[in-house]
Amino acid sequence: MMSTTTTTESAWRLAAHILLLPAAIVGITYLLLRARRTSHLQEKNRYPPPDGIGSWCRGFVGAETLSFLADNSSGRGFYHFVQTRALCYGACFRTTLFGRTHVFLLSSTARAAAAGLLAADPPHFAKRYVRTVAELLGEHSLLCTSHDTHRRLRRAVASLFASASTAAFVATFDRLITTQLLLANGCKDQVIVLDVALDVAFRAICEMLIGPQDDVQKLGRLQSDVMDVTRAMLAVPLKLPGTRFYRGLQARKRIMDALRQEISMRRHNSLKLDRHDDFLQTLLLKSHTDSPEEQLTDEQILDNILTLIIAGQVTTATAITWMVKYLGDNIDLQEELRSVQLDLASKHHGSPLTLQHLNTMDYAYKTVKESLRMSTIVSWFPRVALKDCQVAGFHIKKDWIVNVDARSIHYDPTIYHNPMVFDPSRFNDDMKPYSFLVFGAGGRTCLGMNLAKIMMLMFLHRLVTNFRYGRWQTMTQAWRDGQCFRGSRMGAQFFSHRYTRKTCTDGLLVNISRYA
């Protein structure tokens with residue numbers, strides 16, 4: 001009897017185990033799936049570092065903005081701000097600047113994200129600069145408009161970059177650089193490169209946009225106001241008399257008033273083409289002949305004339321200055337380039353440069369590209385999120401600004417061998433996609449990139465075929481004596497991390513001698 005009971009109990013236990021085993025398996029499977037789903041959600045909602053109350057407090061009280069502005073006003077340049085945080089947090093980090101959350105993507109992370117953020121116009125991202133830039137350039141600027149408006153404005157200004165306009169610009173720039181560099185400065189032993197480049201670029205761009213200006217004083221006031229606007233772009237946005245931002249706004253107002261007077265005068269003269277043949281005239285004529293949906297308002301014309309002047313003058317002049325410095329640091333490359341350019345010059349017998357001549361300057365063009373890579377005048381390209389989304393494995397909230405860092409890509413040793421070395425020959429080989437972002441990519445690629453390359457090529461050709469120049473031997477003493485850098489620190493924000501405080505873009509005084 002006892003044996004039967006024991007057998008029965010054993011059978012029941014076995015049956016219970018058999019029945020409980022699937023339930024246990026189901027339960028464990030459920031818990032694993034739940035844990036995996038929770039982990040996936042956590043990963044999906046992972047925010048770029050840093051996290052925590054400390055990060056929030058620094059953004060709330062404006063400590064990050066003050067650090068950014070401090071670096072920008074120092075000789076280190078604003079890119080030092082990015083570098084120090086990248087060393088702490090890695091290739092993706094976030095910060096708060098001017099009251100907005102910014103996410104920076106660097107190196108391979110930036111390059112991987114560039115295809116989605118820059119190559120097209122993704123529906124969930126739009127271009128966005130800091131508030132000070134947008135306010136100074138105007139809400140209708142090509143740099144600040146929405147996708148649809150940008151496409152329409154881009155079509156309207158495309159004629160500025162047609163082959164006929166470009167050929168005319170080449171002739172204008174060559175005439176101005178010959179006058180300014182060869183005649184005005186040809187008898188000097190020292191030249192401040194940035195001053196020459198700014199002056200020539202400004203006059204060439206203005207002549208292309210608003211025609212030749214006979215009133216030298218008026219042109220000088222316009223150039224001074226343009227520089228005030230440029231300096232204010234990364235200033236503290238305080239609209240108080242005496243502040244840099246306030247001076248920039250006042251300068252913008254004067255520029256707008258001067259351009260409105262020019263437009264009013266042309267309309268009063270019935271837009272006669274025999275009086276003017278420039279880009280402003282083209283836009284005004286189009287506003288009378290285009291369909292209503294394609295017509296540009298006066299405000300759109302004004303904002304974009306200002307944008308094109310600044311983009312065509314300051315960035316290109318700064319890039320020219322860096323280019324001259326790099327060749328001053330590499331005399332052997334300078335001599336090699338000079339030999340090539342003198343050979344080309346002998347074939348056109350001193351005649352003015354044309355597009356055909358520029359197209360034969362292969363080595364000089366590679367020198368220009370290497371200069372642009374190392375200087376990286378525009379350090380990053382901003383896009384604002386229009387809705388919550390994922391970028392580079394991180395959760396990005398609506399209204400956050402994602403910055404694709406071009407400088408970190410240009411100095412990535414996995415892309416460029418010895419990236420700190422100035423080596424034009426690296427462009428003998430084909431480039432990897434999204435590894436050269438000097439002018440952006442996709443639908444927002446810089447419209448004036450060909451003009452910028454043309455100005456750099458022509459400046460370089462006229463310089464090396466007419467002068468020898470070397471490194472500035474007494475730079476430190478000249479700086480102490482106040483002889484080296486005049487005016488503002490234009491270009492300090494374009495700091496290259498290869499160099500230390502007070503580098504060439506403060507002016508770059510070079511010793512030159514006529515090439516015999």
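**View 1. F93 stands opposite F104 of strand β2 in this predicted model.** The two strands concerned, β1 (residues 92-97) and β2 (residues 100-105), pair in the antiparallel sense over 6 bridges. They form a hairpin with 2 residues between them, and F98 in the turn has a positive phi of about 55°. Of the 6 residues of β1, 6 are buried, so the strand is largely enclosed by the rest of the structure. Side chains leave β1 in two directions, with C92, R94 and T96 pointing one way and F93, T95 and L97 the other, and all of them are buried. The turn residue F98 also belongs to one aromatic cluster together with F68 and F81.

**View 2. W322 and Y326 form a stacked aromatic pair within helix α13.** The structure holds 9 aromatic pairs, and in the one shown here the ring centres of W322 and Y326 are 5.7 Å apart, with 25° between the planes. Both residues lie in α13 (residues 298-329), where they are 4 residues apart, about one turn of the helix. An α-helix has 3.6 residues a turn, so residues three or four places apart point the same way. W322 is buried, and Y326 is buried as well.

**View 3. F427 and F436 form an edge-to-face aromatic pair.** The centres of the rings of F427 and F436 are separated by 5.5 Å, and the angle between the planes is 75°. F427 counts as buried because its relative accessibility is 8%, which lies under the 20% cut-off for a buried residue.

**View 4. Two arginines, R373 and R407, each place a charged end over a tyrosine ring.** The charged end of R373 sits over the ring of Y416, at 5.0 Å from the ring centre. For R407, the charged end sits over the ring of Y79, likewise 5.0 Å from its centre.

**View 5. Helix α11 spans residues 244-268.** This helix has 25 residues and reaches 36 Å from its first C-alpha to its last, close to the 36 Å expected at 1.5 Å a residue. Its buried residues include F245, L249, I255, M256, L259 and I263, and among them are also the charged residues R252, E262 and R266.

**View 6. M449 lies in helix α18 and is partly exposed.** Helix α18 covers residues 449-464, and M449 within it has a relative accessible area of 26%. The C-alpha atom of M449 is separated by 9.9 Å from that of A311, although the two residues are 138 residues apart along the chain.

Note on methods. Residues are numbered from 1 along each chain as its sequence is written. This is a predicted model: local features need pLDDT of at least 70, side-chain atom pairs count only at pLDDT 80 or more; totals for chains, interfaces and linings use all residues. Side-chain values use heavy atoms; hydrogens and water are left out. Buried means under 20% relative accessible area, exposed over 50%, partly exposed in between (1.4 Å probe, protein chains only). The expected span of a helix is 1.5 Å times one less than its number of residues. Two strands pair if DSSP finds at least two bridges between them. Rings of Phe, Tyr and Trp (its six-membered ring) pair if their centres lie within 6.5 Å; planes under 30 degrees apart count as stacked, over 60 as edge-to-face and the rest as tilted. A charge sits over a ring if NZ of Lys or CZ of Arg is within 6 Å of the ring centre and within 35 degrees of the ring normal.
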